[in-house]
Amino acid sequence: MTANGPGRIYVYSAPGYDTAWSRTVGGETVHGRGRFKVGYTGRDDPRVRIKEQTGTVYPHGEGIVVHLDEPAVRADGTGFTDHDVHKMLDGAGVIRSQEVVEATLDEIRAALTAVRTGAPFDPSRTQDFAMRPEQAAAVAQTAAYFRDHADDSHPPRFLWNAKMRFGKTFSTFQLAREMGWRRVLVLTFKPAVRNSWRDDLAGHVDFAGWEFADREHPSDPDTPRPLVWFASFQDLLGAGADGGVKEHNEDIHLIDWDCVVLDEYHFGAWQGAAKEVTSPAPKPVKNPERAEEKAAEAAAEDADEVIDLAASGMPRLYAATPDSGIDRDLDADDLRLSAQNFLYLSGTPFRALTEGEFTEDAIFNWTYPDEQAAKKRWDVDHPGGVAVNPYRELPQMQMFTYALSEMGGSEVGHHSDGMFDLSGYFEARKQGAEYHFADPARVGVFLDVLRGKLTQTAVDKLLTDARPPFPFSDARFDGAVDHSVWLMPTVASAHAMAATLAAHPYFRDFLVHVAAGAGAGMGAEAKAPVDRMLARAAKEGKQTITLSVGKLMTGVTVPQWGAILVLRSLKSPEAYFQAAFRVQSPWTGRAADGTRTVLKDTCFVFDFDPNRTLSLLYQYGTKLAGGSATAKPADEIGELVEHLPIFAFDGGRMEAVDVDAVMDWGTAGAGAAMLARRWGSPRLIDLSESVLSKLLDDDDLVGRLEQLEDFRNLREDAEKIIAQSKKVKEGKKRQADSGGGEPEDPEVVAARKAKREKVKTLRAKLIKFVQAVPVFMYLTDFREEALTDVIESLDTQLFERVTGLTLDDFHRLSEVGVFHPQHMNEAIWQFRLFERSSLGYLGDGGAPLAARVGLWDHSVDADTGPVITPQQ
């Protein structure tokens, strides 16, 4: 209010404002045209203020059009400003630059009306789609259960084990309509999911008249309208300054809720959050950025640490643990809530399923295979396309996984268990105000791999002439990688990657946003910068990359994301698949004639550790099967692989992964097919120039090998490889000296190709010796000693019969380095694991398994396994 009365809201356009724009709300991309300035003035005539703003550029007001001029006063007589209108438009997903908004006049009028009356902003309640069959089934099953148990001594509770993109918010509201509920509390640890709940309530005709409330927009507890109140678990559990209920939460405790909905129930950090909000005197955070980084990393690693529920009685919302800071379970009474029903929502409630927290009749299941099977079945059941397939907007997911350990540079780290350390590959640290990778060169190799550019060492390992498809080089991924999200291991690595991409000759043209660290925003605020980046990309025709450490990986919808690159060593299938399914959000648009079009038919997961992928797939299937007395892990995994094609590149070739490979890996630590390929792996044989030179220096060895049919021309072949290698090196040097401006010498190109063919041929012959080693290991009784010792001292005759090599030949080949010791150690360890598992599975009643396991050149403890050093 001003001294002269209420101020005024004005809206005008100027020359140049008539530009096209687009934004995505509720999974649909909307295109429009025209921008408007929305301002406030205390003057009676806003044209005076507009003249002040535009007079310099447009002294005579040419092209300035005033569209709205209204008093800035609410129905209750209080005043408001343009900031209130901006906030309302922001909440509706409108793109804004200070006071200029990309919106229609109807949307601006609706925002003004909402601010003035207190009613919800409602210019786009045009959605009228019906429930899909599985959503209707979930509503019917849950409603029947709640009604059947309405007279129980404790409130009934029900779990929706429904995949990401099931439509849990829409279905929950439909359940509320079916049950006649008028008060619903949505409780979550992830405030970023607020927009999903709000948008579904505001956008569909079925929910007209409903009110959405949250901390920023509280409601009157006595409102006559049906009410959905969104709150965060940690905020509700926390105490105010006086130790009591926080003032802004008082109304929540006055309402007798028809239902409390616990969203994202799988999220593991609930325990940590409860600890923080119940601790009486938390220490000040010295480094909030690092604290958030640790929290994100812990959440990703421990996402299966979900809240434990009592088998009966009051639903436990948080379970006491030795390190929780409390000595008893927290339940609805601790939150001082009164509720008639409890509904739990999660796409990965694995612990709840495996520990039997819900009876089978209190669980509704809907998985990704269920969805994709229904999508295919619909077209069969409805021939001719008369009825629109309700699943057509739900893209199929495909997974491509690449052994970065075989392609990623000169030094690749491993965990103590021998598994590739993907997080360590992208290790980074902050130096001053900047972030840097520990090894920028290998990250450069990785970015080249994404473009299909392999190092010569990686090329030499290929077992076929056809290279595998890589994310940013193969046409099948076009469109999907236009907007991708990369899951990084740390905040430092995310910032370091952003800096590296900005300097990369290909990726520097991408728009990149770091959704990690303190500066990225908390909760729902973290999504707004991504939306703005995508809106800019739509205008400028650019591609985007979002770098995350954990933000936006649960309960958030970004329809444009078509691919995710998993660049961290996740151990939890919950965290992995929650992140993976982020890219399966439907993305639709409208053509010029108004026809609704699907903009994303297929989405992709790109992983760079095949072993980890197979392990998590096995865990995923096993835990899904845990929710049913009749389900079997192999069946669950088989269904998943049928609808989620998986392709693995092990450094030699890319092949489709079947259920047997997943089951083998899960039970033995390695698939049988994968194990067989490992013993045919080119990395077991070292044919570097130095090794070949040593081999040629041993005339006696070469002479004896040339007596074998496969090695008739061994010396000639080795000499040619060395000569071609030298020619390639000389060519590289000449190119480097010329600054790379000259085309490569055709002779050098031919030499490289000839060398590759010679190396491949010679390696294939030597591999035959290596592939006889597993047979020898199986037949010999010596399993605790190093294999070299067994060959040379304990079981020499058996080795010579199996391999065809004399002991002296073997000894000399080993000395010159033809057999790569480290890779032989890894292959033997995997063989022993597989053998051990097979014996256990068959119930071998013989002697107990040995305490030690012999590898290639040493033995290790059978329980701890080898410590594998970085490859050189």
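**Burial, core packing and local backbone geometry**

Arg568 is located in the loop that connects strand E25 (563-566) with helix H18 (573-580). In this predicted model, the relative accessibility of Arg568 is 3%, and the residue therefore counts as buried, the limit being under 20%. A polar contact is formed by the side chain of Arg568, which reaches the backbone oxygen of Val549 at 2.7 Å. Another loop, between strand E24 (544-548) and E25, contains Leu552. The phi angle of Leu552 is near 70°, a positive value in a residue other than glycine. Leu552 is buried, with a relative accessible area of 3%.

A positive phi is also found at Gln98, where the angle is near 60° in a residue other than glycine. Gln98 belongs to the loop between strand E6 (95-97) and strand E7 (100-102). The relative accessible area of Gln98 is 69%, and the residue is exposed.

At the level of the whole chain, the secondary structure amounts to 31 helices and 32 strands. Of the 872 residues, 51% count as buried. Among contacts with a separation of 6 or more, 73% are accounted for by residues 24 or more positions apart. The area exposed by the chain is about 37900 Å², of which carbon and sulfur atoms supply 50%. One pair distant in sequence is Leu187 and Glu264, which are 77 residues apart along the chain and 9.0 Å apart in space, C-alpha to C-alpha. Leu187 is placed in strand E9 (residues 183-188), and with a relative accessibility of 0% Leu187 counts as buried.

In soluble globular proteins, nonpolar side chains tend to be buried together. The largest nonpolar core of the model comprises 49 residues, and the members that touch the most others are Phe426, Phe446, Trp486, Met497, Leu547, Phe606 and Phe608. Helix H16 (residues 491-503) contributes the largest share of this core, with 7 residues. Apart from this core lies another, of 45 residues, which includes Val790, Leu798, Phe799 and Met824. The surroundings of Phe426 were examined in further detail. When neighbours within four places in sequence are left aside, Phe426 is in contact with Leu404, Phe437, Val443, Phe446, Met488, Pro489, Ser493, Met497 and Leu567.

Helix H29 (residues 796-803) contains the buried residues Thr796, Leu798, Phe799 and Thr803. Viewed down the axis of H29, these buried residues fall within an arc of 160°, so they line one face of the helix. Gln797 and Arg801, on the other side of H29, are exposed. The packing partners of the buried residues of H29 are helix H26 (746-771), helix H27 (773-779), helix H28 (787-794) and helix H30 (807-816). Two of the buried residues of the helix, Leu798 and Phe799, are among the members of the core of 45 residues. Just after H29, Gly804 adopts a positive phi of about 85°.

Cysteine residues were considered last. The structure holds 0 disulfides. Cys259 is buried, its relative accessible area being 0%, and Cys603 is likewise buried, with a relative accessible area of 0%.

Key
Residues are numbered from 1 along each chain as its sequence is written. This is a predicted model: local features need pLDDT of at least 70, side-chain atom pairs count only at pLDDT 80 or more; totals for chains, interfaces and linings use all residues. Side-chain values use heavy atoms; hydrogens and water are left out. Buried means under 20% relative accessible area, exposed over 50%, partly exposed in between (1.4 Å probe, protein chains only). Helices (H or I, at least four residues) and strands (E, at least two) are DSSP runs, numbered from the N terminus. The arc is that of the directions from the helix axis to the C-beta atoms. Contact means heavy atoms within 4.5 Å. A disulfide is a pair of cysteine sulfur atoms within 2.5 Å. A polar contact is a pair of N or O atoms within 3.5 Å; within protein, one must be able to donate a hydrogen and the other to accept it, and residues adjacent in sequence count only if both atoms are side-chain atoms. A nonpolar core is a set of buried Ala, Val, Leu, Ile, Met, Phe, Trp, Tyr and Cys residues joined through side-chain atoms within 4.5 Å. Accessible areas come from the Shrake-Rupley method with a 1.4 Å probe; for residues, only the protein chains shown count as cover.
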